[in-house]
Amino acid sequence: MKTKLHIFKIVAKHLSFTKAAEQLHISQPAISKAIKNLEQEYKTTLFIRKRNSIELTTEGKSFLIYTNKILEIYAQMDEKFLHKKDEFPNFINFGVSTTLSNYIIPKVIAKFTTQYPQTKFNIVSNNSENIENSILNEDIDFAITEGSTANPKLQFEKFIKDEIVLVTNVNNNAFQKGSIDIDTLKEIPIVERERGSGTKVIIDTFLSKHNVKQLNAVVFFNSTEAIKNYLYHSDHYALLSIHSISDDLINNKLKIIDIKDLSIERWFYFVNRTGYLSQTFEYFKTFIRYNYNF
């Protein structure tokens, strides 16, 4: 029951069976079956199925309220009986690539430390290449990085999907329609991340598939924050994670320029040495999955 309720909650959050399947790493038919089982069990219709979308019914909205309460009780039970504070280590040493360390992980760790105040953290933040080398050198045991490599000594597990978008200063009026084509993308002045950055690797791979060998890069920085601060004072452009600019969009500092026929998506991954086993890591992964967007 707990699993079915969690599936329902994620489907209700995204209003999409496909997106729920991606987040939960299970098949879309399995998602559909779980929802159907709930509807049969409670003799109600939770979602209205439309041609290209779904939405919660009135009963579905009420069911979500109960679901949230029940899952919260399950979480309290798990913490009380399965994840006892004295079973958790006093120190956790792990790595995070820069985009995650700046915009996603700090709030998760803040919540974690309220529940496990005795646990201290050493969080190594660097680009994905350096983080992976730290794992291979056994300086850290596990990490969360941008993208994955084919190195057989490393094991990757999907965390969350990200989108990389083209952004510029909100006062830049060069493209009134708010969109450009790929040929224009080749010409505009771009600010890029440094070599070894997971973000840059993903961007270069996508562009290569669209026959774009290189961009008109005018400045290189080793952090997204540096790039954003540059854009606040410039009419240049950058390809950045959507997670990194949410506050800038809300505060009207940066805006997105759509690139026609080009969508750059990637996954963030949990990564560890192949064969590495740790109950701490397994519980920590579960905690992060449930709390990264609270």
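This is a short dialogue on reading the features of a predicted model.

Student: Where do I start with the overall fold? How many helices and strands are there in the chain?

Tutor: Count the elements. The chain of this predicted model has 12 helices and 12 strands. Then check its dimensions. The C-alpha atoms fill a box of roughly 60 × 50 × 35 Å along the principal axes.

Student: What radius of gyration does the chain have, and what would a compact globule have?

Tutor: A compact globule with 294 residues would have a radius of gyration near 19 Å; the chain has 21 Å, so the two agree.

Student: What share of the residues count as buried?

Tutor: Of the 294 residues, 44% count as buried. The accessible surface comes to about 15900 Å². Carbon and sulfur atoms hold 50% of that surface.

Student: How do I read contacts along the sequence? What percentage join residues at least 24 apart?

Tutor: Take contacts between residues at least 6 apart in sequence. Of these, 75% join residues at least 24 apart.

Student: Now the interior. Which residues have the most contacts inside the largest nonpolar core?

Tutor: The general idea comes first. In soluble globular proteins, nonpolar side chains tend to be buried together. Here the largest nonpolar core has 23 residues. Phe-94, Leu-100, Ile-105, Phe-159 and Phe-284 have the most contacts inside it. At least two core residues come from each of strands S3 (91-97), S5 (142-146), S6 (154-169) and S12 (264-273), and from each of helices H6 (105-115) and H12 (279-291). H12 gives the most, with five residues. Another core, of 20 residues, lies apart from this one; Leu-5, Ala-21, Ile-54 and Leu-71 are among its members.

Student: What does Leu-100 contact beyond its neighbours within four places in sequence?

Tutor: Leu-100 is in contact with Ile-105, Pro-106, Ile-144, Thr-145, Glu-146, Phe-159 and Phe-268.

Student: How do I read a helix face? Which residues of H6 are buried?

Tutor: An α-helix has 3.6 residues a turn, so residues three or four places apart point the same way. In H6, the buried residues are Ile-105, Val-108, Ile-109, Phe-112 and Gln-115. Down the axis of H6, they fall within an arc of 115°, so they line one face of the helix.

Student: What about a loop residue? Is Ile-140 buried or exposed?

Tutor: Locate it, then check its accessibility. Ile-140 sits in the loop between helix H7 (128-136) and S5. Its relative accessibility is 2%, so Ile-140 counts as buried. Beyond four places in sequence, Ile-140 touches Asn-93, Phe-94, Gly-95, Val-124, Ile-131, Ser-134, Ile-135 and Arg-273.

Student: Where is His-236, for a second loop case?

Tutor: His-236 is in the loop between helix H10 (224-231) and strand S10 (237-241). His-236 is partly exposed, with a relative accessible area of 23%. Its contacts beyond four places in sequence include Val-167, Pro-189, Val-218 and Leu-231. A polar contact of 2.9 Å joins its side chain to that of Tyr-230.

Student: And a buried polar residue? What does the side chain of Glu-39 lie 2.8 Å from?

Tutor: Glu-39 belongs to helix H3 (residues 28-41). At 12% relative accessibility, Glu-39 counts as buried, because the cut-off is under 20%. A polar atom of its side chain lies 2.8 Å from the backbone nitrogen of Leu-46. Not counting residues up to four places away in sequence, Glu-39 touches Thr-44, Thr-45, Leu-46, Phe-47 and Arg-49.

Key: Residues numbered from 1 in each chain as written. Predicted model: local features only at pLDDT ≥ 70, side-chain atom pairs only at ≥ 80, totals over all residues. Heavy atoms only, no water. Core = buried A, V, L, I, M, F, W, Y, C linked by side-chain atoms within 4.5 Å. Buried < 20%, exposed > 50% of the residue type's maximum accessible area, 1.4 Å probe, protein only. Helix = DSSP H or I, 4+ residues; strand = E, 2+ residues; numbered from the N terminus. Contact = heavy atoms within 4.5 Å. Arc of directions from axis to C-beta. Polar contact = N/O pair within 3.5 Å; in protein donor to acceptor, adjacent residues only side chain to side chain. Rg over C-alpha atoms; globule rule 2.2 N^0.38 Å. Areas by Shrake-Rupley, 256 points an atom, 1.4 Å probe, with all protein chains shown as cover.
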